[in-house]
Amino acid sequence: MKKNRKLINALISLVVFAAVVAGGWFFGGTLHGEYADVNANLQTDGTVVVNFLDVGQGDSEFIQLPDGKCMLIDAGISESADVVSERISSLGYEKIDYLVATHPHADHIGGMREIVEGFDIGEIFMPKASTDTKTFENLLQAISDKGLGITTAKAGKVIVNEDDLKIEFLAPVGGGYGNLNNYSAVVKLSYGDNVFLFMGDAEKEAEQEILEKYPYYLDADVLKVGHHGSDTASGKKFINAVSPKLAVIEVGVGNSYGHPHSETLKTLSTVGAQVLRTDINGNISVVSDKTQLTLYCEKE
């Protein structure tokens, strides 16, 4: 498997320039796409579509599942609520079956109150982490007002396991962290031969715990890079274990944090990962048909 991944990564490096010149990206053996296609519904029968939404300096991923259900992981800052809700509605969804708040920082849950208020919600997953911010309190109040419950997100909890689709949490593994980022609910989605890993803001302390608990279970095709590409995450051992073909960094244009960090970009480069960023590429969508991954970007 690892040898095959290295071969694929080498092929990607050889052809990516020609593919961009041709107007699309080469990925997983498929040549495609017009960049504007990410604003349309890319889902067809038997596919999973992962939409990495451009919400500025924040995170939000909307996932279309093959059974007609969907999942939302985070919702950016409060000003992003309209962006997220309009995208979900434009794709024809009135219900979010699985809602994940990775951790209680405003750039991940800021827009989630409006999502809870505006959509029919199935299950809500959050780690056992709290803060006294108004943003977090408003989200909890919105959940309470709709009579909804919260399921604890923690390592080993399975959300979906049917046919060729499995969605589960790999973290948080423990507790008592001094940094809320390390409480991040880390989601692994497997569909046939394709694997996606969503890291929230998990930093190196959490990565080490994940490595120890799942030493042979981290290999993934697509990685949502932890903590917006900060050098506090994406340790070399962890990235080597994941060995992604595609790494997506959700980050704001000209952000004051200096994200993504050059060290993180270097680490991703060493494993041959193709890096895409919402500050450069805008909205990004990846379509899986269980074997092939097809990539669409809003911008070159």
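Modeller: The expected span of a helix is 1.5 Å times one less than its number of residues, and in this predicted model that rule can be set against helix α5.

Colleague: How do you know that the span of α5 is close to the one expected?

Modeller: Helix α5, residues 134-145, has 12 residues and reaches 16 Å from its first C-alpha to its last, which is close to the 16 Å expected at 1.5 Å a residue. Gly147, whose phi is positive, near 70°, follows the helix.

Colleague: Which residues of α5 are called buried, and what makes them line one face of the helix?

Modeller: Buried means under 20% relative accessible area, and in α5 the residues that earn the word are Phe136, Leu139, Ala142 and Ile143. Seen down the axis of α5, the buried residues fall within an arc of 125°, so they line one face of the helix. In general, an α-helix has 3.6 residues a turn, so residues three or four places apart point the same way. The covering of the buried residues includes α3, α4 and β7, while the face turned away from the buried side carries Lys134 and Asp145, which are exposed.

Colleague: Why are β8 and β17 said to stand at the edges?

Modeller: The open sheet has 8 strands in the order β8-β7-β6-β5-β4-β3-β16-β17, with mixed pairing. Strands β8 and β17 each have a single partner strand, so one side of each is left without a neighbour in the sheet.

Colleague: How do you know that β7 and β8 pair?

Modeller: Pairing requires at least two bridges, and 2 bridges join β7 to β8, the two strands running parallel; in β8, Thr152 is the bridge partner of Met126.

Methods. Residues are numbered from 1 along each chain as its sequence is written. This is a predicted model: local features need pLDDT of at least 70, side-chain atom pairs count only at pLDDT 80 or more; totals for chains, interfaces and linings use all residues. Side-chain values use heavy atoms; hydrogens and water are left out. Helices (H or I, at least four residues) and strands (E, at least two) are DSSP runs, numbered from the N terminus. Buried means under 20% relative accessible area, exposed over 50%, partly exposed in between (1.4 Å probe, protein chains only). The arc is that of the directions from the helix axis to the C-beta atoms. Contact means heavy atoms within 4.5 Å.
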